[in-house]
Amino acid sequence: MKILITGGAGYIGSHTIIEMLETTNWEVIAVDNYSNSTEDTYERIEKITGKAIKYYNIDLKDKDATHKLFLEHNDIQGIIHFAAFKSVSESVANPLMYYDNNINSLLNILACQKAFKVPYLIFSSSCSVYGNINELPVTEETPFNKTESPYAYTKQIGEQLVADFIKVNPALKAISLRYFNPVGAHKSGLNGELPLSTPSNLVPYITQSAIGKLSQLTIFGNDYNTKDGTCVRDYIHVSDIASAHVLALQQLIKTPHFPSQSIINLGTGVGVTVLEVIEAFEKVTDKKLNYTIGERRAGDVAAIYANNDKAKKLLNWKPIYTIEDMMRSAWKWEQCLNKK
Ligand code: UFG
């Protein structure tokens, strides 16, 4: 079976490819435009799995180039569409770039799914679609609030696009997976998150400041209505996210009555504050982080964590890694990068 992974050189895409190569006999084709990744990712995947895959440099906003890829591989059976911009703060500063990239690439993927009759699609969504929510944990039935950022809105629109599209294409099926906060790295320490510029996400910021690449970590606000005043998130190991993708595709393939479209939360179900993440990192690494308290960051929600019952039930999935595992593996990866 041939599976197309878009955003394959990226953080979640690459971990999903590794999981797929290690647990299935599917043939993986990857595309990426390296807007926030490099081709080196594929070497790391090969080093970990011992397998080489076919990959392409394609910008999925380019309709013709996308169509050409599907022409070359007209036997693709499943698509996992990761490719998207994902920084909340960048999207606040540059909304048009986010709408253009995240929506147009999805439109082109859906058009090709239809034209080439690709039966299965997994769409990368995000818990940011819920906006600021008072009732926690969130279930898939929790109604959307107004989003806090253009990034989050592109994910709301994306889910709606997929839903409208699948409704009128009964031969096709899709699952939108709402990720909470994916962090950590492959257990080998040989693959992990690699932002090309200064990271905007918490964990790479922590590891880079611990190793001395960045001088200081700023906590964005400690006056939220949470147990210690810092924001609460549901951090989940990227390898747990990866395994859920493989299970999701397997369920679509083997379960004829699987719903034609579904939305599934991917989180651990545990809310952790920024200070608790820092504490977990300091505990497993025995390093003291240099941090300060700063202003709140635009686009942040105060607290969010998942009810993950649906993923457990429908996908037969269970997250296995703890926050300490997440910190340990992220640190291993940062040290591996530093050796180069
Ligand atoms: N934070 C800091 N200092 C930093 C970076 C982050 O205090 O230097 C805080 C943030 O304010 C937030 C928490 O750490 O409270 C997590 O921030 P991240 O940027 O790591 O993650 P976000 O929750 O903002 O966003 C991430 C992904 C999105 C995804 C979203 C879902 O970047 O793609 O999780 O909530 F949609």
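## Exercises on a predicted model

In this predicted model, T6 has H81 as its bridge partner in β4.

**Exercise 1.** Determine how many bridges join strand β1 to strand β4, and place this pair in its sheet.

*Solution.* Step one: β1 covers residues 2-6 and β4 covers residues 76-81; the two run parallel and are joined by five bridges. Step two: the sheet is open, has seven strands with parallel pairing, and follows the order β3-β2-β1-β4-β5-β6-β11. Step three: β3 (54-57) and β11 (261-266) each have a single partner strand, so one side of each of these edge strands is left without a neighbour in the sheet. Step four: on average, neighbouring strands are turned by 15° against each other, direction ignored.

**Exercise 2.** Identify which strands helix α3 touches, and which strands helix α6 lies across.

*Solution.* Helix α3 (residues 63-72) packs on the sheet and touches β1, β2 (27-32), β3 and β4. Its direction makes about 160° with that of β3. Helix α6 (residues 150-167) lies across β5 (120-126), β6 (173-179) and β11, and runs at about 155° to β5.

**Exercise 3.** Describe the surroundings of the ligand, beginning with the residues that come nearest.

*Solution.* Step one: there are 21 residues around the ligand, of which S126, N201, T218, R233 and D300 come nearest. Step two: by class, the shell holds 11 nonpolar, six polar and four charged residues. Step three: a polar side-chain atom of D300 lies 2.5 Å from a ligand oxygen atom, while a backbone N or O atom of L202 lies 2.8 Å from an oxygen atom of the ligand. Step four: the protein covers 93% of the 680 Å² of accessible area that the ligand has on its own. Step five: α7 (202-211) and β8 (217-220) are the elements giving two or more residues to the shell, and β8 gives the most, with four residues.

Conventions. Residues are numbered from 1 along each chain as its sequence is written. This is a predicted model: local features need pLDDT of at least 70, side-chain atom pairs count only at pLDDT 80 or more; totals for chains, interfaces and linings use all residues. Side-chain values use heavy atoms; hydrogens and water are left out. Two strands pair if DSSP finds at least two bridges between them. Axes are lines fitted to C-alpha atoms, for helices over the stretch in contact, and angles run from 0 to 180 degrees between N-to-C directions. Contact means heavy atoms within 4.5 Å. A residue is near a molecule or strand if one of its heavy atoms lies within 4 Å of it. A polar contact is a pair of N or O atoms within 3.5 Å; within protein, one must be able to donate a hydrogen and the other to accept it, and residues adjacent in sequence count only if both atoms are side-chain atoms. Accessible areas come from the Shrake-Rupley method with a 1.4 Å probe; for residues, only the protein chains shown count as cover. Ala, Val, Leu, Ile, Met, Phe, Trp, Tyr, Cys and Pro count as nonpolar, Asp, Glu, Lys and Arg as charged, and the others, Gly among them, as polar.
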